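Grab a pencil and have a look at the protein shown below. Try each exercise on your own before you read the solution.

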Amino acid sequence: MLHFTGPAPWLLAWLVGTGLQLFQPSLWTLEQYACLAFGGCLLGMGCFIVLPACCRRHAIGVSGRVAAALCVAGALSFSITGARALLFQAQSLDPALEGVDLQLIGVVSSMPQWHSDGLRFGFQVEQVLPPG
């Protein structure tokens, strides 16, 4: 019988879930990620409650619970990674505006800072004027 002690199996399950999401061809909706996370948590709770009551042999109950917990860790990491990707996607620039000169009206929100690639400063946009 395999013994799952320490953080290694849980971290491996977390990495597998994250890796599977990174190979996803397109992002799902936030509701789909939330349903997967909620379903994974329900599966985990059910396995921790139902398996010990149903299985007479202790070894089957423990290994089943560990397998369910690993699936839950994978489902949660998949869902969290997908939701985070959706948040980043929502902040991206519209592809139609890439390469277009824009006029912005706003306020400089932080002092200029010199970096190796030039000068940077925070800017809060108040209004975007149409191109042209």
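What follows is a set of exercises, each with a worked solution.

A word on the ground rules first. This is a predicted model, where local features need pLDDT of at least 70, side-chain atom pairs count only at pLDDT 80 or more, and totals for chains, interfaces and linings use all residues. Residues are numbered from 1 along each chain as its sequence is written, and side-chain values use heavy atoms, with hydrogens and water left out.

**Exercise 1. Work out which helices and strands the protein has, and in what order they come.**

Step 1: Know what to look for. Helices (H or I, at least four residues) and strands (E, at least two) are DSSP runs, numbered from the N terminus.

Step 2: Tally them up. You should get three helices and four strands.

Step 3: Walk along from the N terminus. The order is α-α-α-β-β-β-β.

**Exercise 2. Check the length of α1 against its expected span, then find its buried residues.**

Step 1: The expected span of a helix is 1.5 Å times one less than its number of residues.

Step 2: Apply that to α1. Its 15 residues should span 21 Å, and its end C-alpha atoms are 21 Å apart, so the two agree.

Step 3: Now for burial. Buried means under 20% relative accessible area, exposed means over 50%, and partly exposed is in between (1.4 Å probe, protein chains only). In α1, the residues P9, A13, G17, T18 and Q21 are buried.

Step 4: Look at W10, which also sits in helix α1. W10 has a relative accessible area of 32%, so W10 is partly exposed.

Step 5: Zoom out. Of the 132 residues in the protein, 21% are buried.

**Exercise 3. Find which residues far along the sequence lie across from W10 and G17.**

Step 1: Start with W10. W10 and V66 are 56 residues apart in sequence, with their C-alpha atoms 9.6 Å apart in space.

Step 2: Move to G17. Its partner here is L76, 59 residues away in sequence and 7.5 Å away in space, C-alpha to C-alpha.

Step 3: Place the partner. L76 belongs to helix α3, and L76 is partly exposed at 23% relative accessible area.

**Exercise 4. Sort out the aromatic pairs that involve W28.**

Step 1: Rings of Phe, Tyr and Trp (its six-membered ring) pair if their centres lie within 6.5 Å; planes under 30 degrees apart count as stacked, over 60 as edge-to-face and the rest as tilted.

Step 2: A search of the whole structure turns up three aromatic pairs. In one of them, W28 and Y33 have ring centres 5.3 Å apart and planes at 25 degrees, so this pair is stacked.

Step 3: Between W28 and F78, the ring centres are also 5.3 Å apart, but the planes are at 55 degrees, so the pair is tilted. This pair links distant parts of the chain: W28 is in the loop between α1 (8-22) and α2 (30-54), while F78 is in helix α3 (residues 58-90), 50 residues apart.

Step 4: Put the rings together. W28, Y33 and F78 form one aromatic cluster.

Step 5: Check the burial of each one. Y33 is buried at 1% relative accessibility and F78 is buried at 13%, whereas W28 is partly exposed at 35%.

**Exercise 5. How many salt bridges and disulfides does a search of the whole structure find?**

Step 1: A salt bridge is a side-chain nitrogen of Lys or Arg within 4 Å of a carboxyl oxygen of Asp or Glu. The search finds one salt bridge.

Step 2: Name the partners. The side chains of R120 and D117 meet at 3.3 Å, N to O.

Step 3: Compare them with the burial cut-offs. R120 is partly exposed at 47% relative accessibility, and D117 is exposed at 57%.

Step 4: On to disulfides. A disulfide is a covalent bond between the sulfur atoms of two cysteines. Here a pair of cysteine sulfur atoms must lie within 2.5 Å to count, and the search finds zero disulfides.

Step 5: Look at two cysteines anyway. C41 is partly exposed, with 34% relative accessible area, and C71 is partly exposed at 48%.
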